[in-house]
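Trainee: I have a model open and want to work through its rings and strands. Can we take it step by step?

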Amino acid sequence: MAELEDWKAEILGKTGGILKFIGVGIENPGDIRRRVYDEYRQKNWIDSDIDDKLRWLLEEEYRTYLKQSSQAGPTFLQNAEKFVVENPGKFPLIESMFPIQGVTSEVWTVLSVLESSLAQGRRTRAGGSLESHLEFLLKDSGYRIGFDFATQVEIGGQNPVRLDFLFPSDKSKLVSDPNNTVTCACMTTVNDRVRLAIQQLQPNTYRRVPTAHGAKQFASQMKNLKGRLDYATANQFKFVVLPDAVSEFNGHDTLMTYQEWFNELESIKDRLVKLS
């Protein structure tokens with residue numbers, strides 16, 4: 001009888017499981033985001049602020065993903081059956097399931113392995129989602145990448161780090177004018193890695209940790225933020241969150257909304273223009 005690892009090898013195998021050859025009906029993150037951005041451009045945002053826009057982007061991407069992933073199991077089985085018919089002997093375990101007569105233990109095992117793989121993909125997808133949407137909204141608000149801000153900036157020195165966002169993009173400002181510089185480490189939701197994340201934040205700058213707290217899909221993880229508020233106070237940085245998270249913790253001093261953060265960025269940009 002085949003073991004779980006045998007099924008994993010045929011489905012996920014590092015040297016080429018069947019998922020390398022067939023799709024499950026879920027677009028890659030970039031394609032889903034482009035679809036969401038197209039929808040964003042068609043909406044009327046006249047009475048909306050940055051928090052409204054970011055919440056919509058985060059939740060709409062997730063809704064789109066859920067809609068596609070809800071059919072992942074049936075799509076996988078349909079595509080797998082077609083593939084093994086056209087490529088007999090390549091994946092004998094999967095081939096042995098067909099034709100499917102019901103939800104057998106083999107079918108259940110295959111779908112469980114698939115769901116585990118999708119769960120890992122969801123975590124990876126969520127990690128890149130916030131940064132992508134922030135970059136989109138910054139550009140939409142008139143900020144110029146490579147001038148007003150930069151992403152994934154390598155900072156050298158004794159403790160080299162990579163900043164998720166730097167305002168302005170000129171790294172020399174970290175030395176010559178840190179008080180008018182913003183350094184950011186993004187965290188979709190706050191967890192034990194926050195101590196590693198804030199190592200990215202540079203001394204004497206506006207130290208900000210943008211998060212997705214306040215979006216519906218992360219409601220269950222709000223409690224993680226509570227345990228980090230005193231840590232933020234002690235280490236002199238602020239979490240950027242959606243308004244629901246600010247309300248949850250009664251406007252704690254270490255929390256700011258995205259609209260407040262964008263106002264801060266605008267104020268800093270204005271000061272830099274006057275100083276130049």
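Mentor: Yes. Keep in mind that this is a predicted model.

Trainee: How is the pair of Phe165 and Phe167 classed: stacked or edge-to-face?

Mentor: The structure holds 17 aromatic pairs. In this one the ring centres are 6.3 Å apart and the planes are at 20 degrees. Planes under 30 degrees apart count as stacked. So the pair of Phe165 and Phe167 is stacked.

Trainee: Is Phe167 buried or exposed?

Mentor: Its relative accessible area is 4%. Buried means under 20%. Phe167 is therefore buried.

Trainee: What kind of aromatic pair do Trp261 and Phe262 form?

Mentor: Their centres are 5.9 Å apart, with 80 degrees between the planes. Planes over 60 degrees apart count as edge-to-face. Trp261 and Phe262 are both buried. The pair is edge-to-face.

Trainee: Which residue's ring has the charged end of Arg195 over it?

Mentor: Lys43 lies over the face of Trp45, 5.5 Å from the ring centre. For Arg195, the distance to the ring centre is 4.7 Å. That ring belongs to Tyr231.

Trainee: Now the strands. Which residue in strand 5 is the bridge partner of Pro210?

Mentor: Strand 4 spans residues 206–210, and 4 of its 5 residues are buried. 3 bridges join strand 4 to strand 5, residues 238–241, and the two run parallel. The partner of Pro210 there is Val240.

Trainee: Which residue of strand 4 stands opposite Cys184?

Mentor: Strand 3 covers residues 182–184. It runs parallel to strand 4, joined by 3 bridges. Opposite Cys184 stands Arg208.

How values were computed. Residues numbered from 1 in each chain as written. Predicted model: local features only at pLDDT ≥ 70, side-chain atom pairs only at ≥ 80, totals over all residues. Heavy atoms only, no water. Phe/Tyr/Trp six-rings, centres within 6.5 Å; stacked < 30°, edge-to-face > 60°. Buried < 20%, exposed > 50% of the residue type's maximum accessible area, 1.4 Å probe, protein only. Lys NZ or Arg CZ within 6 Å of the ring centre and 35° of its normal. Helix = DSSP H or I, 4+ residues; strand = E, 2+ residues; numbered from the N terminus. Pairing = 2+ DSSP bridges.
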